[in-house]
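Me: I would like to go through a protein model by question and answer. Please keep each reply short and end it on what was asked for.

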Amino acid sequence: MELYDEIIRNTREYLSAYTPRCYPYDEKKCWEETASGEMIMLRDAAFELGGGNCESVNYTCVTSALDGGGKNEVLLYGPELSELKGDASFARIVFLTADPSVWEGLNEEAAYRFIRDLEYVRYHVYPRGYMVRTSAKSSKEQARVSREALKAGISFEKLGAVYIRKYLQNPGIQSVQVLFLTGLYSLVPFQKEAGQAEAVTEALNHILKGMPMNCGTCDLKVICDEVEGMRALHQKKR
């Protein structure tokens, strides 16, 4: 699976000037979850991530290469939750390594569903004292952190562990890296990559639905031309 590899490389290049805090995955450190999404009123919040005038972005990339050495870990670029004094820009980016033996056994339709199911994991994580608002259309993700959770010791390390545990429940996933970005001056480069990730997935969907494939007029031609692996899928489907 090479469809998202360039996006992963670009993201790492953007972050190469920063030194992250690295938290190896420990299931025992997972923050407590609730049965469903929790409503946190503004008056009960310590601050918002990506709220107000602050930028936010979220995207997920799947690869079959052991990017990152196959480690399950949380990488934090910026302040920890306990260090924030107010609202801040926010990004949550996930890199997933798929088991090649599982991925290679999927047909095109199953591969698309596999990718979408992994993207939808974000809608099924409910950390206590951490209310998430996600916009699939704009790739935005905002989070409201309660004062109570902050006092109880909520952290990106513990939040990231919850996400990792959820992704690893999929037998097709070998390893997970969760990246949190807080307080960066601009998230524009990452917003661009989020848009590219969604464009790749939509181009894959376009191909697999068997839609008319007149490459000369297709709006998605640029994606097929640029993304490694996409043209091969395209020709196979044709």
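Me: Which exposed residues does the face of helix 1 turned away from its buried side carry?
Reply: This is a predicted model, in which local features need pLDDT of at least 70 and side-chain atom pairs count only at pLDDT 80 or more, while totals for chains, interfaces and linings use all residues. Residues are numbered from 1 along each chain as its sequence is written, and side-chain values use heavy atoms, with hydrogens and water left out. Exposed means over 50% relative accessible area, buried under 20%, and partly exposed in between (1.4 Å probe, protein chains only). On the face of helix 1 turned away from its buried side, the exposed residues are Arg 9 and Glu 13.

Me: Why are the buried residues of helix 1 on the same side?
Reply: Helices (H or I, at least four residues) and strands (E, at least two) are DSSP runs, numbered from the N terminus. In helix 1, residues 5-15, the buried ones are Asp 5, Ile 7, Ile 8, Thr 11 and Leu 15. They lie on the same side because the arc they cover around the axis is only 160 degrees, taken from the directions from the helix axis to the C-beta atoms.

Me: In what order do the 5 strands of the open sheet come?
Reply: Two strands pair if DSSP finds at least two bridges between them. Strand 1 (21-24) and strand 3 (56-63) each pair on one side only, which makes them the edge strands. The pairing is mixed, and the order is 1-4-8-5-3.

Me: What is the bridge partner of Phe 90 in strand 8?
Reply: Strand 5 (residues 90-98) and strand 8 (residues 173-182) pair in the antiparallel sense over 9 bridges. Within strand 8, Phe 90 has as its bridge partner Thr 182.

Me: Which strands does helix 5 touch where it packs on the sheet?
Reply: Contact means heavy atoms within 4.5 Å. The direction of helix 5 (residues 156-167) makes about 150 degrees with that of strand 8; axes are lines fitted to C-alpha atoms, for helices over the stretch in contact, and angles run from 0 to 180 degrees between N-to-C directions. The strands touched by helix 5 are strand 1, strand 3, strand 4 (73-77), strand 5 and strand 8.

Me: How many residues has the largest nonpolar core?
Reply: A nonpolar core is a set of buried Ala, Val, Leu, Ile, Met, Phe, Trp, Tyr and Cys residues joined through side-chain atoms within 4.5 Å. Leu 49, Leu 81, Tyr 130, Leu 181 and Phe 190 have the most contacts inside the largest one. Its number of residues is 61.
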